[in-house]
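The exercises below are to be worked with the sequence and the 3D structure side by side. Each task is followed by a solution that goes step by step.

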Amino acid sequence: DSIDPDTGLSNFEYDYAGFTTEFFHAIELTMDEISYKCLYGSSPIEREGLLYPEDSLRRYYSLPDVEPDAIIGVCDTKSTGIDYMVLPVMYHYGDDYYCVDTICDNNTDFGVQKRRLTDIILEHNMQQVEFESNAGGDRLADNVAEMVDKEGGRCNITSKATETNKETRILVNSDWVMKHVLFQDKSRYARKSDYGKFMELLTTYSSIGNP
């Protein structure tokens with residue numbers, strides 16, 4: 001990698017020559033994410049087969065100037081390894097769903113997971129959250145529901161077993177997502193934030209070979 005993933009600094013900056021961290025950051029801003037990762041990140045990604053190409057997603061800069069019909073989310077719980085716990089916060093307006101916030105975190109600490117989920121539900125006054133009950137999601141749902149209730153939140157938190165694997169669900173839902181979901185304009189979030197990580201996972205997901 002051109003940039004060390006742990007330090008965020010250039011691997012090619014030397015006393016008398018080389019490329020600075022600022023150089024690579026400047027290059028990154030001028031290129032789309034896939035091209036940058038292929039050329040400078042040692043992370044080749046197949047453009048063919050991308051389920052959510054960057055230029056096919058609907059984006060928004062500001063929310064409609066009315067109250068949303070509902071504020072909901074579906075939590076994909078973390079299983080093992082580098083898998084992520086993901087909870088997008090969706091503001092529902094008519095036929096559209098605005099993804100205003102998200103957790104995208106591979107932290108294995110159960111206490112941190114509960115705290116982060118509780119905080120985002122309370123912050124957005126979410127009304128309905130469904131947890132995937134596989135991989136202990138039902139226990140996590142019960143714990144979060146208890147914490148939300150104790151802290152004065154009013155959210156209907158449920159859990160549901162999924163009969164299909166994650167890849168199948170993503171494939172089946174991709175067309176609906178591109179038609180009905182709006183994501184923040186890229187200028188509104190930092191690339192290293194949870195929202196940035198979520199969008200990176202989304203836009204580099206391939207039906208041919210997962211990144």
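**Exercise 1.** Are both Tyr189 and Tyr195 buried or exposed?

Solution. Before starting, note that this is a predicted model, in which local features need pLDDT of at least 70 and side-chain atom pairs count only at pLDDT 80 or more, while totals for chains, interfaces and linings use all residues. Residues are numbered from 1 along each chain as its sequence is written, and side-chain values use heavy atoms, with hydrogens and water left out. Take buried as under 20% relative accessible area, exposed as over 50% and partly exposed as in between, with a 1.4 Å probe and protein chains only. On this scale both Tyr189 and Tyr195 are buried.

**Exercise 2.** Determine which aromatic cluster Phe183 belongs to, and describe its pairs.

Solution. Step one is the rule: rings of Phe, Tyr and Trp (its six-membered ring) pair if their centres lie within 6.5 Å, and planes under 30 degrees apart count as stacked, over 60 as edge-to-face and the rest as tilted. By this rule the count comes to 6 aromatic pairs. Step two takes Phe183 and Phe198, a tilted pair with 6.4 Å from centre to centre and 45 degrees between the planes. Phe183 belongs to strand 7 (residues 181-184) and Phe198 to helix 6, so this pair ties together parts that are 15 residues apart in sequence; helices (H or I, at least four residues) and strands (E, at least two) are DSSP runs, numbered from the N terminus. Phe183 counts as buried because its relative accessibility is 2%, and Phe198 counts as buried at 12%. Step three adds Tyr189 and Tyr195, which form a tilted pair at 4.9 Å centre to centre with 40 degrees between the planes. Phe183, Tyr189, Tyr195 and Phe198 thus make up one aromatic cluster.

**Exercise 3.** With which strands does strand 7 pair in the parallel sense?

Solution. Two strands pair if DSSP finds at least two bridges between them. Strand 1 (residues 58-60) pairs with strand 7 in the parallel sense over 3 bridges, and Tyr60 stands opposite Gln184 there. Strand 4 also pairs with strand 7 in the parallel sense over 3 bridges, with Val181 in strand 7 as the bridge partner of Tyr97.

**Exercise 4.** Which residues of the largest nonpolar core touch the most other members?

Solution. A nonpolar core is a set of buried Ala, Val, Leu, Ile, Met, Phe, Trp, Tyr and Cys residues joined through side-chain atoms within 4.5 Å. Of the 24 residues in the largest one, Leu87, Leu117, Ile121, Phe131, Val144 and Ile157 touch the most other members. At least two residues of this core come from each of strand 2 (70-75), strand 3 (85-93), strand 4 (96-105), helix 3, strand 5 and helix 4 (137-150), and strand 3 supplies the largest share, 5 residues. Apart from this core lies another, of 17 residues, including Tyr52, Cys104, Val177 and Leu202.

**Exercise 5.** Contrast the settings of Asn125 and Thr204, beginning with where Asn125 lies.

Solution. Asn125 lies in the loop between helix 3 (110-123) and strand 5 (128-132), where Asn125 has a positive phi of about 50 degrees although it is not a glycine. At 56% relative accessibility, Asn125 counts as exposed. Thr204, found in the segment after helix 6 (194-203), counts as buried at 3% relative accessibility. The side chain of Thr204 reaches the backbone oxygen of Glu200 at 2.6 Å.

Key: Polar contact = N/O pair within 3.5 Å; in protein donor to acceptor, adjacent residues only side chain to side chain.
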